[in-house]
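These are my notebook entries on a structure that I am reading for the first time. I set out to look up its empty spaces and one helix contact.

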Amino acid sequence: MSVSSLRRLAVSAAVIAAASGGAVYLSPSVASSDRAGGGPVLDSLKRTLGDPSASVPSRSAQESALIKATSSNPLDVLVIGGGATGSGVALDAATRGLRVGLVEREDFSSGTSSRSTKLIHGGVRYLEKAVFNLDYGQLKLVFHALEERKQLIENAPHLCHALPCMTPCFDWFEVVYYWMGLKMYDLVAGPRLLHLSRYYSAQESAELFPTLARKGKDKSLRGTVVYYDGQMNDSRLNVGLACTAALAGAAVLNHAEVVSLITDDDTKRIVGARVRNNLTGKEFESYARVVVNAAGPFCDSIRKMVDEDTKPMICPSSGVHIVLPDYYSPEGMGLIVPKTKDGRVVFMLPWLGRTVAGTTDSNTSITPLPEPHEDEIQFILDAISDYLNIKVRRTDVLSAWSGIRPLAMDPTAKSTESISRDHVVFEEHPGLVTITGGKWTTYRSMAEDAVNAAIKSGKLSPTNGCVTQKLQLLGSHGWEPSSFTALAQQYVRMKKTYGGKVVPGAMDTAAAKHLSHAYGSMAERVAIIAQEEGLGKRLAHGHPFLEAEVAYCARHEYCESAVDFIARRCRIAFLDTDAAARALQRVVEILASEHKWDKSREKQEMQKAKEFLQTFKSSKNAQFHDGKHN
């Protein structure tokens, strides 16, 4: 770290302070959202979302709505892809009074959206680039990300929260550099600030983060700077988006794969898609004025359905994360090292009672079930061991997964320098709007941009403008951080013993907190199932997940397979692969009862789930030899 770097930081702080004094906090798209109003569609939706007995339409009703979208009576928008972006597009379009359908090949959040870092970034790295490159464009990205971060946390408070992140400093230049940089971050955040950053001495830091190393290889810890970003339960947030869209009137269908696009013979415009229900094998056609391709890393395969020779626009990057026991990090404090010895970012964050650490950023191929390589897992273990005073062991890895980041290259650009972590929206073929790239934090504004493009493409007539900026998701209405206490006080967990008896058990604090944070204001419905249907037993020892959740998710969250539950409705596959394997038999039994499966289907579900869990490289199902961290 040089004196010139600090000098530039100080000058930039003055410039940003001047800029932040004006009305630059809102990007144009956010400002337009604020003015959009709502109308009867939004009023009706808010009443529905506030109703604790609200239920999404059945799967068969959703499929029927898609089939009824004929060439003479098409949908306004058909979305391909049920990740964060696709589900966000469906919700945005439906709340503008448009007729909307969404199809997803696997499950909501089954791809990249469930395999994220779990952070809601305010764009602190964009700020560093803005300062050192004197780039106002990067600064605007920071403003935008901070605004979206604030709205995301407010719109789903049960699933999102502020998380303090500690940055260790091993010389005084680092202390001053990071302190000044993060104070600038506070300044830029303005009214969107979560909490003020601050410096802690080495002694204070050790008390806050007991496993943090006081000595590096040749330096001693001088202190830490703590700042705040957001954290989320990503796949449950995605499922919440899809269910909210369904309540808003969108026909959303998971396990429904687009096998081809329909082109009008005369105009050559894309007018719909041929879809296969992957649960039944049945195929049908669904017509729409505009098709939105939000298939994430797989968006090129949709584009190739129109033109096999189309130029790829996805540059896939692999991000590997590992999960470690809770004692690696204290509850409520993360550790982020912006630059390790080889220049990469590494972090350790408390998440759902465990510690998630990562990440890598390397080229990869596009596959439905990416697997982490052993050298990537060892790299993460090696990187975090430099900053911890405990032995870091490969045998402590409870789960490890890989996600594919769909880094986007604008196909209209003339050079590969346009590869970006920002999003790209374009209409390459009439009637097909593609959106890709971007990040979880800005999914809402990405969806807004895509819907705006779809309205323009199809000359659609929405009843109002975008209203999603202030729209709380299903489970958010009336939820408070203390809501779990009502569950603990008012409900018991009725559990079936091995002998067939049903005995009462306490709705303990861990179970009550888990239900409250996972389901928000809908948690009471899960508690009622646990109490009245004898489904109050835990699915796996040491985890708060209850049998009642399987039944609830099958009835109210489009949970259609064992993997849907263990990976996306509850997060046990991501938190502890071996515990997920132990819970599997009971999960399948309950789903079989809910969906009327035969023995053949039960066996098939067990096999698929076991194969899925093999891609999560916990210490027990990994192949590693003579590793440094064995």
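How many cavities of 30 Å³ or more does a search of the whole structure find? I note first that this is a predicted model. The search of the whole structure gives 7 cavities of 30 Å³ or more.

**Entry 1: the largest cavity**

I looked up the volume of the largest cavity and found about 110 Å³. Its lining is made of 14 residues, and those closest to the centre are R236, G240, L474, Y519 and E557. I then asked which elements give two or more residues to this lining. They are α10, α15 and α17, the last of these spanning 547-556. Helix α10 gives the most, with 4 residues. Sorted by class, the lining of the largest cavity holds 8 nonpolar, 4 polar and 2 charged residues. I also checked the domains: at least three lining residues come from domain 1 (58-113 + 236-312 + 426-470), and at least three from domain 3 (482-615).

**Entry 2: helix α10 against helix α18**

As α10 contributes to the cavity lining, I looked up its contact with another helix, α18. How do the axes of α10 and α18 cross? The axis of α10 (residues 234-247) comes within 8 Å of the axis of α18 (residues 562-569), and the two cross at roughly 115°. Angles of 65 to 115 degrees count as roughly perpendicular, and the two helices are therefore described in that way. On the α10 side, the contact is made by S235, R236 and V239; on the α18 side, by A567, R568 and R569. I recorded the classes of this contact as 2 nonpolar, 1 polar and 3 charged residues. R236 thus appears twice in my notes: in this contact, and among the residues closest to the centre of the largest cavity.

**Entry 3: the second largest pocket**

I turned next to the open spaces. The second largest pocket has a volume of about 1,100 Å³. It is lined by 38 residues, of which E331, W351, L352, G353 and H517 are closest to its centre. Which elements give two or more residues to the lining of this pocket? I found the strands β4 (160-169), β6 (223-232) and β13 (346-351), together with the helix α15 (509-519). By class, I counted 20 nonpolar, 11 polar and 7 charged residues in the lining. Domain 2 (159-232 + 315-407) and domain 3 (482-615) each supply at least three of the lining residues.

**Entry 4: cross-reference**

I noted that α15 gives two or more residues to the lining of the largest cavity and also to that of the second largest pocket.

Technical notes. Residues numbered from 1 in each chain as written. Predicted model: local features only at pLDDT ≥ 70, side-chain atom pairs only at ≥ 80, totals over all residues. Heavy atoms only, no water. 1 Å grid on protein atoms, 1.4 Å probe; cavity = no way out; pocket = protein on both sides within 12 Å on 5 of 7 lines; lining within 4 Å. Points joined across faces, edges and corners; volume = space filled by probe spheres on them. Nonpolar A, V, L, I, M, F, W, Y, C, P; charged D, E, K, R; others polar. Domains from an automatic or database assignment. Axes fitted to C-alpha atoms, helices over the stretch in contact; angles between N-to-C directions. Parallel < 35°, antiparallel > 145°, perpendicular 65-115°, else oblique. Contact = heavy atoms within 4.5 Å.
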